[in-house]
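Please examine the structure shown below. The questions that follow take up its salt bridges, its sheet and its helices in turn.

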Amino acid sequence: MSPTRTVRLADLTDLVQAPDTVGPRAREVHEQLRAEWGPVAPGELSPGVRLWFAMGYAEFSEVIRNEEVFSRNGDNWSAVQEGKILPDMPIYPFVTTRQNSFHNDGELRRRLRSPVDRALSRVDEHGYAAQVRGICNDLVDDMLERGEADLVQDYAVLIPLLSVAAMFGMGPEVGDSMRKAAHKVLGGGQLAQEGVIELAVEIVDHIARRRMDPRDDLTSHLIDDPGLWDDNEVMEAMIVMIIAGNELTIATITQTLLLMLSDERFAGRLRGGRLGVDQAIEEVMWRDPPCYNITPRFALRDVELGGQLIRKGDAVVPCIAAANLDPLMTGGDPWVEIGNRAHMSWSAGPHSCPAQRPGTIIVQAAVRTVLERLPEVSLAVPADQVERNTDSLSYRYPTSMPVTFVRTLT
């Protein structure tokens with residue numbers, strides 16, 4: 001198809017800033033961009049670094065599924081080639097070349113991704129779910145003993161780190177340091193480099209211990225897999241899983257709990273049994289996804305996308321929050337059809353989230369435990385005063401949720 005618009009990114013001015021597509025006015029910004037530009041709109045990541053947002057459901061799908069045209073490798077971005085991407089920029093760790101499936105395409109991606117899929121397929125889901133429920137119950141016991149709690153800091157941020165660490169056979173003390181390092185990476189800038197180094201040190205030590213003392217855990221499974229050729233590739237696979245696993249899961253838990261505590265209709269359907277926990281999580285994935293934008297793809301040749309000419313070397317950011325609410329896909333209907341899992345919140349295509357099942361198990365356990373153990377929990381502050389994480393180009397989720405509850409005996 002021939003493009004109807006052929007403007008160059010370099011010729012545009014007064015562009016929407018990328019953080020605005022994640023901030024508190026994100027939905028309004030999406031609508032304005034869609035009205036002016038259609039399903040593919042321009043924006044600016046930082047002064048002089050421009051990109052496209054794939055906001056239509058069809059355009060989003062095309063970008064993330066077609067790695068022969070839209071590469072994940074940052075070396076193909078003209079801004080990288082021109083030296084515009086500097087180490088202190090938030091995007092830097094996501095476009096540098098690393099030996100893992102996240103940063104590569106084609107055969108190399110397939111070789112590095114397959115061991116991750118095989119290792120995760122060996123997880124005993126029933127046993128893991130029981131392990132995660134135990135973690136959630138222990139945290140609620142602590143909150144009940146104190147009589148007060150912050151559902152983010154005392155609960156939601158701890159569950160993924162403890163659960164992911166357990167999957168890798170790590171203790172909680174290692175998991176806490178990894179969570180802090182992972183948060184630095186996702187926050188970007190100079191701290192991101194520190195985070196990568198801190199993660200690498202912890203993981204290299206753990207891999208060495210597992211080589212001497214193999215166990216039935218993800219670390220040992222990755223070490224044993226012939227698809228990963230050395231400890232560096234094992235470490236890289238673990239870093240990707242830890243970073244994505246922690247932040248994405250924290251965001252999903254907090255978004256679901258906040259909706260449950262601030263939307264009476266949602267809470268009523270959930271507590272009344274008309275909406276199951278798994279269905280409630282899917283509704284959050286549609287309405288307020290944990291990850292608003294995913295990392296950019298880079299055009300390998302000139303191509304038409306949503307009527308816009310995308311030139312070779314341009315960056316395209318797939319925008320989950322906008323694609324999920326694309327009126328051409330939803331028909332303008334604000335209600336989410338129960339059981340519809342066609343949202344893009346797990347992404348799709350060759351770089352889709354490999355840990356959807358463990359991630360879902362963790363979120364379900366976290367939400368179900370609050371429902372069962374804290375039946376009268378309520379926010380201690382107005383919902384519009386709940387602060388959200390705004391230091392990321394992708395995530396926007398509550399950073400604190402003080403709550404009150406009735407202390408009950410178990």
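**Salt bridges, sheet and helices**

Q: Is aspartate 141 buried, partly exposed or exposed in this predicted model?
A: The relative accessible area of aspartate 141 is 34%. Buried requires under 20% and exposed over 50%, so aspartate 141 falls in between and counts as partly exposed.

Q: Which salt bridges that share partners form one network, and which residues does it join?
A: The network is built from salt bridges with partners in common. The residues joined in this way are Glu67, Glu107, Arg109 and Arg110.

Q: With which residue does aspartate 141 form a salt bridge, and how many residues apart are the two in sequence?
A: The side chain of aspartate 141 meets that of arginine 373 in a salt bridge, at 2.6 Å from N to O. Aspartate 141 belongs to helix H6 (residues 125–146) and arginine 373 to helix H17, so the pair ties together parts of the chain. The partner is arginine 373, and the separation in sequence is 232 residues.

Q: Is arginine 373 buried or exposed?
A: The relative accessibility of arginine 373 is 14%. Since the cut-off for buried is under 20%, arginine 373 counts as buried.

Q: How many residues apart in sequence are glutamate 67 and arginine 109?
A: Glutamate 67 forms a salt bridge with arginine 109, with the closest N and O atoms 3.0 Å apart. The pair links distant parts of the chain, glutamate 67 being in the loop between H2 and S3 and arginine 109 in helix H5 (residues 106–121). Both residues are buried. Their separation in sequence is 42 residues.

Q: How far apart are the closest N and O atoms of glutamate 82 and lysine 84?
A: Glutamate 82 counts as exposed, at 52% relative accessibility. Lysine 84 is partly exposed, with a relative accessible area of 38%. In the salt bridge between them, the distance between the closest N and O atoms is 3.2 Å.

Q: How many salt bridges does a search of the whole structure find?
A: The search covers the whole structure, and the pair of glutamate 82 and lysine 84 forms a salt bridge. The total found is 21.

Q: In what order do the strands of the open sheet stand, and which stand at the edges?
A: Five strands form the open sheet, with mixed pairing, in the order S1-S2-S8-S5-S3. Two of them have a single partner strand each, so one side of each is left without a neighbour in the sheet. The edge strands are S1 (40–46) and S3 (70–71).

Q: Which residue of S8 is the bridge partner of tryptophan 52, and which stands opposite arginine 297?
A: S2 and S8 run parallel and are joined by three bridges, whereas S5 (residues 297–299) and S8 (residues 315–318) run antiparallel and are joined by two. Tryptophan 52 has valine 316 as its bridge partner in S8. The residue opposite arginine 297 is likewise valine 316.

Q: Which residues of S8 are buried on its two faces?
A: In a regular strand, side chains alternate between the two faces of the sheet. Both faces of S8 are covered. The buried residues are Ala315 and Val317 on one side, and Val316 and Pro318 on the other.

Q: Which residue in the turn between S1 and S2 has a positive phi?
A: S1 and S2 run antiparallel, joined by six bridges, and serine 46 stands opposite valine 49 in S2. The two strands form a hairpin with two residues between them. The turn residue with a positive phi, of about 85 degrees, is glycine 48.

Q: At about what angle does helix H1 run to S1?
A: Seven of the seven residues of S1 are buried, so S1 is largely enclosed by the rest of the structure. Helix H1 (residues 26–37) lies across S1 and strand S2 (49–54). The angle between H1 and S1 is about 125 degrees.

Q: How far apart are the end C-alpha atoms of helix H17?
A: Helix H17 (residues 356–373) has 18 residues, which should span 26 Å at 1.5 Å a residue. Of these, 14 are buried, so H17 is largely enclosed by the rest of the structure. The distance between its end C-alpha atoms agrees with the expected span, at 25 Å.

Q: Which residue joins its side chain to that of glutamate 125 in a polar contact?
A: Glutamate 125 is found in helix H6 and is partly exposed, at 35% relative accessibility. Leaving aside neighbours within four places in sequence, its contacts are Arg357 and Ile361. The polar contact, of 3.1 Å, is with arginine 357.

Notes: Residues are numbered from 1 along each chain as its sequence is written. This is a predicted model: local features need pLDDT of at least 70, side-chain atom pairs count only at pLDDT 80 or more; totals for chains, interfaces and linings use all residues. Side-chain values use heavy atoms; hydrogens and water are left out. Two strands pair if DSSP finds at least two bridges between them. Helices (H or I, at least four residues) and strands (E, at least two) are DSSP runs, numbered from the N terminus. Contact means heavy atoms within 4.5 Å. Axes are lines fitted to C-alpha atoms, for helices over the stretch in contact, and angles run from 0 to 180 degrees between N-to-C directions. The expected span of a helix is 1.5 Å times one less than its number of residues. Buried means under 20% relative accessible area, exposed over 50%, partly exposed in between (1.4 Å probe, protein chains only). A salt bridge is a side-chain nitrogen of Lys or Arg within 4 Å of a carboxyl oxygen of Asp or Glu. A polar contact is a pair of N or O atoms within 3.5 Å; within protein, one must be able to donate a hydrogen and the other to accept it, and residues adjacent in sequence count only if both atoms are side-chain atoms.
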